[in-house]
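Biologist: Please take me through one part of this model slowly. I would like to look at the third helix and its surroundings, from the surface to the inside.

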Amino acid sequence: FPEVRAADAQQRAASANVDAQRAQFAPTIEGFASERFTNAAGFGKSPAYAVGVSATLRLDVANGFAARALTHAAELSKVRAQRSEREALDRVHDAWYEVARQIEKGRAVRAQLEAAELAAKVARDRHDAGTTTFLDVVLAERDALSARASAIQADADLCRARLDLRFLANRPHQSSVCAEEP
C-alpha cells in the first residue's frame, strides 16, 4: 500500500534525524602532521616534524532537548506507520465483506426476478383464460421489468465491489472479474 510505504519512509527519516541529532554529542577528533624543510642556516635542524591530536567535546543543553523532541517525534511516526498499516488492512477486510454482501444481494435479486417473471407468466395465462384484467398483466410485467433492472444493478454493484477489492489488495485488473456470475 502506498500510504503504508510513505509512513514507513517517514518513520525511517525521523529515526535518521534522531541519530543525526545524537551524533552531535560525539566528540570531534582532529589530527595533524607536518614536516618542514629548510636550507637556510640558523632556522634550526632540517627537517622538522610536528604531530598533534585534538579532541573537542560540545556540551549544549539545546542539543539535548532537540534530541529528546526528535525521539518523541520518531515514536509518533512509528505509531502513525502502524495505524496506516492497520487502516489499509481494514479497508481490504471491509472490501472482502462488501463482495460477500453483494454476492448475497445478487442471489436474492435473482430469486426475486424468478418470482416476478413467474408472476407475469401466471398473469398472462389468467388473462388468456379470462379470469383477470389486462391491468393485472401490465402490473405483473412492470414488476418483472423492475426485477430485471434490479438484477442488472446488483451485477454492476458486485463488479464494482470486486474491482475495489482487487485494487485495495494490489492485484492486477482482469476483465473476467465482472463476467463471473454471483
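Modeller: Start with Arg-142, which is exposed, at a relative accessible area of 51%. It counts as exposed because the cut-off is over 50%. Bear in mind that this is a predicted model. Arg-142 has a salt-bridge partner, Asp-143, and their closest N and O atoms are 3.1 Å apart. Asp-143 is partly exposed, with a relative accessibility of 40%. Other salt bridges share partners, and they join Glu-98, Arg-101, Arg-160 and Asp-164 into one network.

Now look at Val-138. This residue sits in helix 3, which runs over residues 134-168. Its relative accessible area is 36%, so it is partly exposed. Val-138 also belongs to a nonpolar surface patch, together with Phe-134, Leu-135 and Leu-139. The patch covers about 370 Å².

Next, go inside. The largest nonpolar core has 11 residues, among them Val-109, Leu-113, Val-137 and Ala-154. Many alanines are listed there too, including Ala-116, Ala-120, Ala-140 and Ala-144. Two elements give two or more residues each: helix 2 (61-129) and helix 3. Helix 3 provides the largest share, with six residues. Zoom in on Ala-144. Leaving aside residues up to four places away in sequence, it touches Leu-113, Ala-116, Glu-117 and Ala-120. There is also a second, separate core of six residues. Ala-95, Leu-158, Ala-161 and Leu-165 are among its members.

Charged side chains come into the picture as well. Asp-157 and Lys-105 form a salt bridge, with the closest N and O atoms 3.0 Å apart. This pair links distant parts of the chain: Asp-157 lies in helix 3 and Lys-105 in helix 2, 52 residues apart. Is Asp-157 buried or exposed? Asp-157 is buried, with a relative accessibility of 14%. The reason is the cut-off, because buried means under 20%. Its partner Lys-105 is partly exposed, at 32%.

For contrast, take a pair within helix 2. Glu-87 and Arg-83 are four residues apart there, about one turn of the helix. Their side chains meet in a salt bridge at 3.9 Å, N to O. Glu-87 is partly exposed at 40% relative accessibility. Arg-83 is partly exposed too, with a relative accessible area of 43%. Over the whole structure, a search finds 11 salt bridges.

Technical notes: Residues numbered from 1 in each chain as written. Predicted model: local features only at pLDDT ≥ 70, side-chain atom pairs only at ≥ 80, totals over all residues. Heavy atoms only, no water. Patch = residues over 30% accessible without salt bridge, like charges linked within 9 Å, V, L, I, M, F, W, Y side chains within 5 Å. Areas by Shrake-Rupley, 256 points an atom, 1.4 Å probe, with all protein chains shown as cover. Salt bridge = Lys/Arg side-chain N within 4 Å of Asp/Glu carboxyl O. Buried < 20%, exposed > 50% of the residue type's maximum accessible area, 1.4 Å probe, protein only. Core = buried A, V, L, I, M, F, W, Y, C linked by side-chain atoms within 4.5 Å. Contact = heavy atoms within 4.5 Å.
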